[in-house]
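Subject: Structure handover

Hello,

Here is the structure I promised to pass on. Please open it alongside this message, and read on below for what turned up.

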Amino acid sequence: MTAKPYFTNFEHRHPTPRAPLGRMRTVVWQFLAGATIGFSGWYLFWRWTSSLNPDALVFSCVVAMAETLFFLGTILFFYDIWCEGDTKPKPPPTKRSDVGCGHSSGTIGIDVYITTYDEDLNVVVPSILAAKSLRAPPGTSVHIWVLDDGNRPEFSAMAHLQNVGYLSRADNLGFKAGNLKNALLQTQGDFILICDADTRVFPCFLENTMGYFRDKQVAWVQTPHWFYDLPFGVPWAEKVQSRSNRILPTALGLFLSKTLGPLLRGFSGRDNSGQDPFMSEPVLFFDVIQRRRNRHGASFCCGAGSIHRREALFQGALRQMNRQIIATSRKFSLRKKLSTARLQPFKFHVSEDIYTSISLHSDNAENWRSVYHPQVESRMLSPWSVDAWATQKLKYAGGTFDIMLHDNPIFQRGMPWRIKLHYAATFWSYLSVLWTPIMMVAPALSLVTGWKPVEAYTVEFFARILPVLIIGEFAMIVGCKGYNVNIGRVMAIGGLPITLRAFWYVLRGQKPKFPATPKTPVLGESSYKYALPNIILLCGMGAAGIYGCIATSLHVPGFSATFLTVNLFWLTWNAVSLMRVVRLTSWRPPANGLLDAQVSPGLVPPHSKGLSNAAV
């Protein structure tokens, strides 16, 4: 008897509706954001004019520069999420002329692409069944295609059995982008719904998204990614009590659980121990960043869960190809003929989705724009091993660096400046890999050498920096709807070695590779290689902390209790972030292989009509 896939244990979960920020909360957020920028500017002015340490001037200037660069990133991020601007939904179109496909009143064709390469049948079949349950709005026809880049006979047979289309090819040129291109050249749908192998669309997907295409300038609609299989973990109080009961009386264990539980929850930023071990929850990106970029029609394409206008894909590809041919002819005094071999509706790149965004957002001839639909319309699987997690992070970072360094849209014509700033916010966040190491190493270096990044830890210093930290934290809590913002901070430090590795690859001229992210748990000893850089850094930080404590106790010149406290605080914060990555390399599912069957408070069944059939 074949065992059920692990993700069947989470079928009971449903997404909660994504509420807007609200007018009053928006006003409070913008006030706090403005105050944060004002206090940060005040602090940095003082930092550069009155606080540089002449006894360690180079070190002090380097740290101040890193602080300034982080401040610029904060300004870009605040611009990115300044306010929401949801697009008003419209009823689905009923004829082709409603969506700008000529004056025809004929049926609107929608192709559903389910891309796969090496995933198991038990991952892909539920996605096909979900696609077959799609409710086609009146006047539309839906055709489902399995795009098998693994060219496997069993998948061809399965597609035939399910009565859906099957497409494969002799090579894997361009990987997923090439797979999509191969299908686009063989199908005729006016719109393309893109699904990964594990993307299970809800029946209401087309009903809730097709109406946006009544606007003839809408090139694609992106919906949120929702990972329904994230481990829920065990409440902190319960975990503390179970551990303490092994060695302590029950009454004392209960007291510790009630005392330490809330502290651990606040310190970790997670409600439960073992919750989302790979920090994959994407709600902050989708419901805050993507949703607010929509005010400028600037939300990015994120691949799965997006639906595209065929005309926009091919027009964008043709213009891009023409630009390349003109550039080549100017350089080499020759002209190359147009051919489908050079046509790339989706750029042959590890980040083909963001490249699609850039191409269409830069098309000032057609003024294409995107729409972000804020409600969840599909479910997906999250990375369930450190190899899957690292593969995904390496691809995202490598693809972004490659675009930023070799084809940066910020320096190209065609894209409106408001949209360019959104791309700049993304690139700047990845570029922080250059100054994050400074802030990470600075406390350890101070504790070893006695160097101070400021002339003295005086009352004036704390009076200037504490408002920045405190008001900034409140701004993030309010502006990000109370979502856990610590995940991004932890990943910026804990995932730094992976991001640096991606940056180094691109600097050396290596093109980011296209490995598929594993959709099922792959557990092995090789995963510990990702923790080695973090372990080395942790050892160095530990040694620096011990040395700093000893030097302070011996009254070594330059060391003081205040100096030690400040640097140990930041050293501990950095160490905890590094430790998170070390811990995830040793994470394993419970022995029963199913994890818990509890329902998270944020994963209750929805009451809205649009998601009532989300259990497919």
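Start at strand E9, where histidine 308 is the bridge partner of tryptophan 220. That pair belongs to the link between strand E6 (residues 218-222) and E9. The two strands run antiparallel and are joined by 3 bridges. Please keep in mind that this is a predicted model.

E9 covers residues 306-309 and has a second partner, strand E4 (residues 191-195). E4 and E9 also run antiparallel, with 4 bridges between them. Here leucine 193 has isoleucine 307 of E9 as its bridge partner. Both faces of E9 are covered. Ser306 and His308 sit on one side, Ile307 and Arg309 on the other, and all are buried. As background, side chains in a regular strand alternate between the two faces of the sheet.

**The sheet**

Where does E9 fit among its neighbours? The strand order is E3-E2-E1-E4-E9-E6-E10. This is an open sheet of 7 strands with mixed pairing. Its edge strands are E3 (165-167) and E10 (369-372), and each of them pairs on one side only. On average, neighbouring strands are turned by 25 degrees against each other, direction ignored.

Next, look at the E10 end. E6 pairs with E10 over 4 bridges, in the parallel sense. Valine 221 stands opposite valine 371 in E10. Helix H3 (residues 121-132) packs on the sheet. H3 touches strand E1 (108-116) and strand E2 (140-148). The direction of H3 makes about 170 degrees with that of E1.

E1 itself deserves a look. In E1, 9 of the 9 residues are buried, so the strand is largely enclosed by the rest of the structure. Ile108, Ile110, Val112, Ile114 and Thr116 point one way. Gly109, Asp111, Tyr113 and Thr115 point the other way. E1 and E2 run parallel and are joined by 9 bridges. One pair to find is isoleucine 110 with its bridge partner in E2, valine 142.

**Helices**

Which helices does H12 pack against? Two cases follow: H17 and H13.

Take H17 first. H12 spans residues 386-406 and H17 spans residues 496-507. Their axes are 8 Å apart, at an angle of about 40 degrees. That angle makes H12 oblique to H17. The crossing is right-handed. On the H12 side, the contact includes Trp389, Leu394, Phe401 and Leu405. On the H17 side, it includes Ile498, Phe503, Tyr505 and Val506. By type, the residues of this contact divide into 12 nonpolar, 3 polar and 3 charged.

Now H13 (residues 417-431). The axes of H12 and H13 come within 10 Å and cross at roughly 115 degrees. This crossing is left-handed. H12 supplies Tyr396, Ala397, Thr400, Phe401, Ile403 and Met404. H13 supplies Thr426, Phe427, Tyr430 and Leu431. These residues divide into 8 nonpolar, 2 polar and no charged. Ala397 and Phe401 of H12 appear in the contact with H17 and in the contact with H13.

Helix H5 (residues 175-184) is another one to find. In H5, 8 of the 10 residues are buried, so the helix is largely enclosed by the rest of the structure. The buried ones are Ala177, Gly178, Asn179, Leu180, Lys181, Asn182, Ala183 and Leu184.

**A loop proline**

Is proline 282 buried or exposed? Proline 282 counts as buried because its relative accessible area is 12%, below the 20% cut-off. Proline 282 lies in the loop between strand E8 (272-273) and helix H9 (283-293). Proline 282 touches His225 and Phe227, leaving aside residues up to four places away in sequence. Proline 224 is 58 residues from proline 282 in sequence, yet their C-alpha atoms are 8.4 Å apart in space.

**The whole chain**

Finally, the overall numbers. The chain has 616 residues, and buried residues make up 52% of them. Its secondary structure comes to 19 helices and 11 strands. Take the contacts between residues at least 6 apart in sequence: 83% of these join residues at least 24 apart.

Best wishes

Technical notes
Residues are numbered from 1 along each chain as its sequence is written. This is a predicted model: local features need pLDDT of at least 70, side-chain atom pairs count only at pLDDT 80 or more; totals for chains, interfaces and linings use all residues. Side-chain values use heavy atoms; hydrogens and water are left out. Axes are lines fitted to C-alpha atoms, for helices over the stretch in contact, and angles run from 0 to 180 degrees between N-to-C directions. Angles under 35 degrees count as roughly parallel, over 145 as roughly antiparallel, 65 to 115 as roughly perpendicular and the rest as oblique. A crossing is left-handed if the near helix is turned anticlockwise from the far one by less than a right angle, and right-handed if clockwise. Contact means heavy atoms within 4.5 Å. Ala, Val, Leu, Ile, Met, Phe, Trp, Tyr, Cys and Pro count as nonpolar, Asp, Glu, Lys and Arg as charged, and the others, Gly among them, as polar. Buried means under 20% relative accessible area, exposed over 50%, partly exposed in between (1.4 Å probe, protein chains only). Two strands pair if DSSP finds at least two bridges between them.
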